[in-house]
Amino acid sequence: MAEVKAFDPRPWRLLSPALLAITMLVVVPMSFILVYSFYENIDLAVDKVTFQFGNWNELLTDSYYHNAIWKTFRLSVIVTVLAAVLGYIPAYFIANTQFRHKWVLLLLLILPFWVSFIIRTLSWIHILGNQGAINGMLQWLGITDQPLSMMYNEFAVLVGFIHVFLPYMILNVYVSLEGIDKNLDPAARTLGCTPWQAFREVTLPLSMPGLAAGSLLVFVLTAGSYVTPLILGGPGDFLFGNLIFDAVLSELNWPMGATLSFTLLFLLGVVVVIYSRFMGMSQLQKAFG
Amino acid sequence: MRAWGLIRIYTVAVYIFMFAPIAVVLLLAFNSSQFGGFPMEGFSLRWFYRLYENEAIVRAFKTSFLLGLLTALFATTLGVLASLALVRYKFRGKDWITTFLITPVLVPETVLAVGVLIFLRWLSIPRSFALLLLGHTVIALPFVVLVVQARLVGIKKEYEEAARSLGANPVQTFMQVTLPLLLPAVFAGALFAFTISFDNITATVFWRPSGSETVPTQIFAMLKTSVSPEINALGFVMIVITVGVPLMAGGLARYFSRKK
């Protein structure tokens, strides 16, 4: 009886709308993906309710899919590493600068989040395209007379991804650099470290949580995309997400779309689990705040 | 220090990398040339008139606005209620619930979109505006919860207890004490939700009812031919809305808090 009395329904009443929404729109649909992956696609948008492994068999044996998984993995790793390399130094600068209006630098980091993703992505057509800024400049200077082809290839996709996801990386690294005790670096220096040693042995390890959280975010966001390759890439530049897009919206093959979706969810789930084994989930929650 | 000088130059270069392309879109919106790219031929506002005359774009704008406003309303309501539970009550399984509230962020949007569609297909419910609204609400919810929760932790429980001991009922306490104190966070959360919805394309492409477009999906469809100057003008308008409004709101908030 005491247990019954101890139960307070009030927090659950407050939580119930949010929990219901997430259950109905995230949890239940995710299980439906799994169920649907065993259905059979007979014709355009016509599915047969069965339990068969045809879709999974196709996924596991057809090298077209393996190729796409490998491509996605490779591109996501490249984007993540480049974002980490490009983003660490500005984060370090913001964390350590004596500049009085530091908030301006931070505000400028948040600003890109408010600029529409599709606008930021297509803006690269104006930079790299045949009528873009770089080609315009080169021709104006007389260096080239034909426009250089820099668009609709993997390079453009890469640049587009980094441009969009870099602020996530910088913010995460910044938050963790800002949390480091400012006396540690001088202490290491007093004990005989060179500036580079002090950075490598003290600052860098202590900023690892932020770097890891930023990397996870960038990796997962890149691996789940399909819009950027469609806008900036050529016909050969597709990610796993594009296969899902094609299966569901072009071929109307829902069971295959479900199989591919579940695979992507599973693979990225594995990445998140590996991450949380090493870093825990708390840093990630901080990252979103 | 030479190293510091290099770091500074590098940082400036990264900031230029982040903002130059955006600046180019803003600039090209005023290009009088009939092509979307360089060179600049002259200053003109005609592409903005064209936007205004383009019925499809105006319709997409209306859809996006309504969707954004309703998403903000829904996500903020759910988010505030959930945050109250998480911050003001002790109960079993709280950590678990906190993680659960963040799950929509951890699921790739493409997968989330397909999953919801398949579920609806199973229920034989066609795509609709309501689907977009509920979907956007769930995508925005985790962000609202985090913003509101962070603020709520900073509001002392004593204020609410004082109100209660003076005879206010829980609803009165919330409306007259907690909510006014929480208002900046509610506003920030709502703005956040609006921007997330207004900007969303990944899931929206899957969820939109056939024939109905939001601004991002409209741009996406227009891009299939080429970058028309209208897209640049549209980009300009979108940037002014999604960047200008929060900046102005933030500026006003600072102005008023200083006045006090």
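**Exercise 1. In which hand of crossing does H5(A) pass H8(A)?**

Before we start, keep in mind that this is a predicted model.

*Step 1.* Find the two helices: H5 covers residues 102–114 of chain A, and H8 covers residues 154–178 of chain A.

*Step 2.* Look at how they pack. The angle is about 145°, and the axes lie 9 Å apart.

*Step 3.* Now read off the hand: H5(A) passes H8(A) in a left-handed crossing.

*Step 4.* Check who touches whom. From H5(A) come A:Leu109, A:Pro112 and A:Phe113, and they meet A:Pro167, A:Ile170 and A:Leu171 of H8(A). Sorted by class, that contact has six nonpolar residues, no polar ones and no charged ones.

**Exercise 2. Work out how chain A meets chain B, and which helix of chain A gives the most.**

*Step 1.* Begin with the totals: 66 residues of chain A are in contact with 72 residues of chain B.

*Step 2.* Pick out the top contributor on the chain A side. That's helix H2 (residues 10–36), with 16 residues.

*Step 3.* Sort the chain A side by class, and you get 49 nonpolar, 14 polar and three charged residues.

*Step 4.* Follow H2(A) across to chain B, where it packs with helix H6 (residues 129–153). Here the angle is about 115° and the axes are 10 Å apart. H2(A) passes H6(B) in a left-handed crossing.

*Step 5.* Name the partners. On H2(A) you'll find A:Ala18, A:Ala21, A:Ile22, A:Leu25 and A:Val26, while H6(B) brings B:Leu134, B:Gly135, B:Thr137, B:Val138 and B:Leu141. By class, this helix pair has eight nonpolar, two polar and no charged residues in contact.

**Exercise 3. Describe chain B, then find where H8(B) is kinked.**

*Step 1.* Count the elements: chain B has 11 helices and zero strands. Its C-alpha trace spans about 70 × 65 × 40 Å along the principal axes.

*Step 2.* Zoom in on H8(B), residues 170–199. If a helix of 30 residues were straight, it would span 44 Å at 1.5 Å a residue, but H8(B) spans only 37 Å between its end C-alpha atoms.

*Step 3.* Look along H8(B) for a bend. There's a kink of about 60° at B:Leu183, shortly before the proline B:Pro184.

**Exercise 4. Say how chain A is divided into domains, and how far apart their centres are.**

*Step 1.* Mark the bounds: domain 1 runs over 1–30 and domain 2 over 62–288.

*Step 2.* Take the centres over C-alpha atoms; those of domain 1 and domain 2 of chain A are separated by 36 Å.

Notes:
Residues numbered from 1 in each chain as written. Chains lettered and ligands numbered in written order. Predicted model: local features only at pLDDT ≥ 70, side-chain atom pairs only at ≥ 80, totals over all residues. Domains from an automatic or database assignment. Contact = placed C-beta atoms within 7 Å. Helix = DSSP H or I, 4+ residues; strand = E, 2+ residues; numbered from the N terminus. Nonpolar A, V, L, I, M, F, W, Y, C, P; charged D, E, K, R; others polar. Axes fitted to C-alpha atoms, helices over the stretch in contact; angles between N-to-C directions. Left-handed = near helix turned anticlockwise from the far one by under 90°. Expected span 1.5 Å × (residues − 1). Bend = angle between axes of the 7 residues up to and from the residue.
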